Every structure is written in C-alpha cells, then in structure tokens.
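Here are my notes on the model, as numbered points. Please keep the structure open while reading.

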Amino acid sequence: MITKINSLCVSGVSPLVTSVETFITPGIREFNIIGLAGTSVKESKNRVCAAIRNCGFEIPRGRITVNLAPSDVRKEGTAFDLAIAAGILCVGGYIDPESLRGFALIGELSLEGNVRPVAGAFSMCAFAMKQGLTDIVIPEDSFKEVSCIEGVRFWPVGKLSELTDVSKRLKMPLEGRLSDFPRQEELCTLSDVKGHKTARRAIEIAVSGGHNILMMGAAGSGKTMLAHGIRSVLPPLDKEDVYDVTSIYSLCGMLSTGDPVITHAPFREVHTGITKTALIGGGRPVVPGEISLAHRGVLFLDEVTEIDRCVLDALRQPMDSGEITVSRVGHIEKLPSNFMLVCAMNPCRCGNLLEGPEKCTCTPKMISHTLEKLSRPMLDRIDIHIAVKTPGYSELCSDVPESAEAVRKRITAERALQKEKIRAAGLSGRTYSDLSVEELAQVCEMTGSAEKILLHFAESLSLSIRAFNKLKALSLTVADMNGHSAVRDDDIGEAVQYRIIDRKLFSEGGYADNAA
C-alpha cells in the first residue's frame with residue numbers, strides 16, 4: 001500500500017506543495033528518501049524513527065521508501081518530518097489514510113516526538129490556501145504566526161502522538177481572523193513636522209498615487225523627518241497584501257513572536273553602503289532584498305547620492321515591472337518588488353544650494369559632481385522632485401500641522417477612488433502609477449486646454465516619454481485630490497511644478513546657473 005500525505009516546503013524563495021508518498025516492501029529493514037532531497041531532508045529519517053519510537057509506536061518492518069513529488073525540484077528544510085512520520089504511521093495501521101485526505105502537514109520533529117516550528121510557516125500556509133488546501137496540521141508554536149489567514153482550518157499539534165487525535169477528529173481545528181491584529185502606532189508622525197506645507201502636500205500626493213518622490217535640501221532642513229512621517233499616513237494593507245507581505249518576511253525569518261503578522265505597509269530604510277545583492281536580492285540560496293521587503297510599502301534611500309550609482313541603477317527594472325528576476329544555476333526566482341521610492345539628498349557638498357546663492361559655497365564642478373550621481377533614467381522614474389528649505393523660527397512656532405489620522409483618511413479615500421476608476425476600465429492596477437501608457441489613456445480624462453498645457457510643458461522641459469507619462473499620472477492624482485472629475489489647467493500646473501526643479505538642476509548646465 002502506498003500512502004500519500006501533502007506537505008509544504010520552500011524551494012528557493014517560493015513555497016511548494018509536495019506529495020509525500022510512503023511505500024513499504026518486505027525485506028531487510030531500510031529507510032530511503034528519494035525525490036531530490038537535500039541533506040536536511042535526508043537526515044529526517046533519523047529524527048522520524050526516534051520520534052515514532054519515543055511516542056509509543058512501532059516502525060513497520062521492511063524497506064521503507066519515501067518519495068517527495070515532484071521529484072525534479074530540490075527539497076530543503078525540516079518541514080517534511082511530520083508528513084513523513086504520518087505516512088509511516090498510516091502504513092503501520094495507526095492512522096487511517098483517508099482521515100488525512102486533503103490535509104497538509106508541516107512541522108519538524110524532535111527525537112522525543114515534539115513538533116517544532118519551521119521557518120516560513122506563514123508563506124507555506126498562505127500558498128496552501130491558494131492551492132485549495134483548507135486543512136493544515138501545524139506546530140502549536142506556529143499558530144500565532146499563521147492565525148491571521150482566513151479560510152483555513154488549522155490543527156495545531158505539540159507532539160507526534162496528537163496526530164492520531166487529529167485523524168480521529170478528537171481535536172478541534174482553529175480558524176484565523178485578520179481583524180485580531182490592530183494597526184501599529186508609529187513613533188514619528190507627519191503631524192510632528194512643523195512648516196514645510198509644500199512638502200507635506202507633495203507627500204500626500206505621492207502616497208495617494210504611489211508616486212516616487214525625491215526631496216532635496218540642506219542638512220537639518222527636515223527631509224528625513226518628513227520621510228519618516230510617511231509611515232503614519234500610509235493606508236492599511238488589504239487582506240491580499242497582508243498575506244503577500246507577511247509571506248516575504250516569513251521566508252526571511254523576520255517575523256517577531258510578539259507581532260507575527262504585518263498589517264501595516266512596510267517602511268524600509270537602507271544604509272548608504274548597501275550592496276546590489278542586498279538591495280535587489282540574490283545569493284545562494286536566493287534571499288529577498290530590500291526592494292522585496294518594501295513590497296506594497298516604502299523604500300527610503302536617505303543621502304541617496306552617497307549610494308553607488310550602479311546600485312541605484314539596479315532599481316530601474318523593478319521600478320517599472322513591480323518584480324525582480326534573479327537567475328541562478330538551475331532555477332530562476334521572481335520576487336515581488338512593487339514599492340514607492342522615497343529619496344532624500346543634499347543638492348551639493350555644503351547642502352545650501354537651494355537655500356540661496358549667497359549661502360552656497362560650492363563651485364559648479366563640485367555641484368556637478370554631486371548631482372551626476374543620479375542618472376537621467378533614474379530621475380525619469382521619480383515623479384515628484386521638491387526642494388525642502390529650512391523653515392524660519394516664526395513658521396515653526398506658529399504652524400499647527402494637521403493630524404496624521406486626517407491625512408491618512410484622505411489618502412485611503414483617494415486610493416479607493418483610484419482603484420474604483422481602474423476597475424471600471426477593466427484594468428488590474430491599484431494606483432495611477434501602476435498603469436502603462438495604454439492603460440493610462442483609458443483612465444485619463446482631461447480638458448482640451450489642460451491637454452495643450454501638458455504638451456507645451458512636455459516640449460519646453462524636454463521630457464522623455466516615460467517622464468511625460470509619469471507627469472500625466474501625477475496630474476490625474478492631483479485632479480482627484482482637488483475633487484475634479486477631469487484634469488484641469490490648475491491640476492496640470494501643480495503637477496508640473498514638481499518636475500521643474502528636476503530640469504533646473506539636473507539638465508545640462510542647470511547646476512552652473514545655481515552655483516554661487
């Protein structure tokens with residue numbers, strides 16, 4: 001008799017449903033695991049045999065063969081232990097194989113028969129749910145990690161012997177609820193930032209439409225504080241995004257025991273010395289990079305001009321496609337990377353270029369050396385460029401910023417409006433920044449005069465095709481926030497002002513006109 005038990009593992013960075021087939025033939029006692037099993041999987045036969053005996057069961061006599069299907073994909077990890085033991089117990093007559101039909105089993109076994117948690121449990125369970133497996137046996141210590149997954153019955157077990165209770169339905173399953181995990185409070189909110197009304201407006205527009213933003217200003221002007229304040233106004237993740245983001249962190253082993261579910265949009269801030277592999281992902285085995293950890297959230301590059309240019313340019317392809325493809329010998333991994341890019345930089349060595357010519361002490365060559373660290377293709381992919389000037393003391397004392405909660409409500413409403421318009425057009429994007437050129441044309445409604453103004457600025461600013469479509473998407477977001485059903489002249493005017501400083505500083509000879 002051959003028994004088949006479903007289990008799950010992580011192949012590279014992708015979960016995989018594996019059928020654990022167990023077969024016993026008469027002969028000298030022998031235990032073999034086949035199906036392209038890695039070292040940690042082959043070692044499971046020692047753990048499984050000891051666990052079965054220490055739980056009071058007997059291992060059937062004969063040659064035991066365990067096949068892990070599909071056999072052409074390499075298997076690693078200890079998540080198969082529980083399924084392998086279940087297959088042997090089924091062959092030995094301790095468990096009815098039909099009682100586990102449609103189940104998936106995940107767990108590592110100790111020599112005493114205890115069921116230990118495994119890394120990536122959340123991603124495995126979320127993937128199993130998408131594959132139609134609604135009953136999953138998991139370690140007791142892993143239930144908190146997966147308890148937000150709805151539509152799945154979890155059967156937590158702490159010891160191998162409890163598997164017989166599951167087969168006889170003597171244990172009751174548990175179901176997860178996403179609503180049990182509230183939004184986390186942020187340490188720094190946008191309401192803590194006084195002054196910078198223009199910058200706060202630009203940030204609200206950027207978050208509403210998922211637009212990338214670059215902030216330039218002197219040291220201490222408030223760029224980093226503004227960027228950190230974005231966390232407080234990010235809209236909450238929907239159920240699908242919670243599963244996707246938490247799965248990525250589960251694969252990386254970055255879920256904390258106190259907060260095992262990520263319900264808020266991630267905010268990743270990287271050091272200027274980051275390598276290309278750490279940023280986009282890679283290694284052997286493949287590990288997700290910062291752009292994947294920032295999926296559905298924000299990637300913040302502070303002091304962006306201090307990061308190697310080749311590292312920055314590696315962002316260009318994933319910024320366009322929303323995913324990164326990492327090729328390794330024998331397999332190709334596709335990692336999600338749909339993020340909003342936030343950059344901050346000093347426009348020159350002294351940092352005072354935008355504070356006024358009388359304050360900047362840099363020569364045109366020094367300014368050029370700073371600005372040329374950002375390539376033109378990279379700048380084209382950034383929708384909003386703003387100058388962050390140091391506010392005066394009178395402004396700091398008199399300004400009463402709007403609460404972050406009020407801003408977040410407006411952003412959430414704007415995101416919902418964009419999603420509704422995009423769905424009405426039969427498209428699959430979520431924000432205007434996700435749309436291609438053809439898709440943007442289906443959604444965009446613009447008055448005749450606004451279209452003429454847009455074309456005029458596109459020609460006068462010598463915008464590339466990519467920058468032109470970025471400006472068009474930005475004007476749509478501005479129009480929605482201004483309550484306009486179609487893009488008007490003033491919407492175009494506001495959107496254009498976020499591209500002027502780009503051309504003023506980074507165009508050929510532009511830096512020389514602003515040097516001291």
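1. **α7 against α20.** Begin with helix α7 (residues 197-209), which packs on α20 at an angle of about 105 degrees. The two axes lie 10 Å apart. That angle makes α7 roughly perpendicular to α20, since 65 to 115 degrees counts as such. Bear in mind throughout that this is a predicted model.

2. **Who meets whom there.** On the α7 side the residues are R201, E204, I205, S208 and G209. They meet L474, T477, V478 and M481 of α20. By class, this contact has four nonpolar, three polar and two charged residues.

3. **α17 against α20.** Helix α17 (residues 404-424) also packs with α20, which spans residues 465-481. Here the angle is about 120 degrees and the axes are 10 Å apart. The pair is therefore oblique. The crossing of α17 past α20 is right-handed.

4. **The α17 contact in detail.** From α17 come E414, L417, Q418 and K421. Their partners in α20 are T477, D480 and M481. Two of the contact residues are nonpolar, two are polar and three are charged. T477 and M481 deserve a second look, as both appear in the contact with α17 and in the contact with α7.

5. **S475 in α20.** Is S475 buried or exposed? It is buried: its relative accessible area is 0%, and the cut-off for buried is under 20%. S475 sits in helix α20. Setting aside residues within four places in sequence, S475 contacts M446, V487, D491, I492 and A495.

6. **The largest nonpolar core.** This core holds 86 residues. Which of its members touch the most others? They are I149 and I213. Helix α20 gives the most to this core, with eight residues. As background, nonpolar side chains in soluble globular proteins tend to be buried together.

7. **Around I213.** Residues up to four places away in sequence are left out of this list. I213 touches A202, I203 and A206, along with M340, L341, V342 and C343. I382, I384 and I386 are touched by I213 as well. A202, I203 and A206 fall within the residue range of α7, 197-209.

8. **A second core.** Another nonpolar core, of 40 residues, lies apart from the one around I213. Its members include I84, L100, V137 and V166. I84 is also one of the buried residues of helix α3.

9. **Helix α3.** How many of the eleven residues in α3 (residues 81-91) are buried? Ten are, so the helix is mostly covered, with buried meaning under 20% relative accessible area. The buried residues are D81, L82, A83, I84, A85, A86, G87, I88, L89 and C90. Just after α3, G93 takes a positive phi of about 85 degrees.

10. **F154 in β9.** F154 belongs to strand β9 (residues 153-157). F154 counts as buried because its relative accessibility is 0%. Beyond its neighbours within four places in sequence, F154 contacts C125, I136, I138, F143, V146 and I149. P173, L174 and G176 are in contact with F154 too. P173 is 19 residues from F154 along the chain, yet their C-alpha atoms are separated by 5.3 Å.

11. **Backbone points to check.** Most residues other than glycine have a negative phi, and most peptide bonds are trans. The peptide bond from A69 to P70 is cis, with omega near 5 degrees. P70 lies in the loop between β4 (63-69) and α3.

12. **Positive phi outside glycine.** R169 has a phi near 60 degrees. R169 lies in the loop between α6 (162-167) and β10 (174-175), and its relative accessible area of 37% makes it partly exposed. E303 has a positive phi of about 50 degrees. E303 lies in the loop between β15 (298-301) and α12 (309-313). With a relative accessible area of 28%, E303 is partly exposed.

13. **The whole chain.** The protein has 22 helices and 19 strands. Its C-alpha atoms fill a box of roughly 90 × 45 × 45 Å along the principal axes. Of the 516 residues, 55% are buried. Among contacts with a separation of 6 or more, 73% join residues 24 or more positions apart.

Methods:
Residues numbered from 1 in each chain as written. Predicted model: local features only at pLDDT ≥ 70, side-chain atom pairs only at ≥ 80, totals over all residues. Heavy atoms only, no water. Axes fitted to C-alpha atoms, helices over the stretch in contact; angles between N-to-C directions. Helix = DSSP H or I, 4+ residues; strand = E, 2+ residues; numbered from the N terminus. Parallel < 35°, antiparallel > 145°, perpendicular 65-115°, else oblique. Left-handed = near helix turned anticlockwise from the far one by under 90°. Contact = heavy atoms within 4.5 Å. Nonpolar A, V, L, I, M, F, W, Y, C, P; charged D, E, K, R; others polar. Core = buried A, V, L, I, M, F, W, Y, C linked by side-chain atoms within 4.5 Å. Buried < 20%, exposed > 50% of the residue type's maximum accessible area, 1.4 Å probe, protein only.
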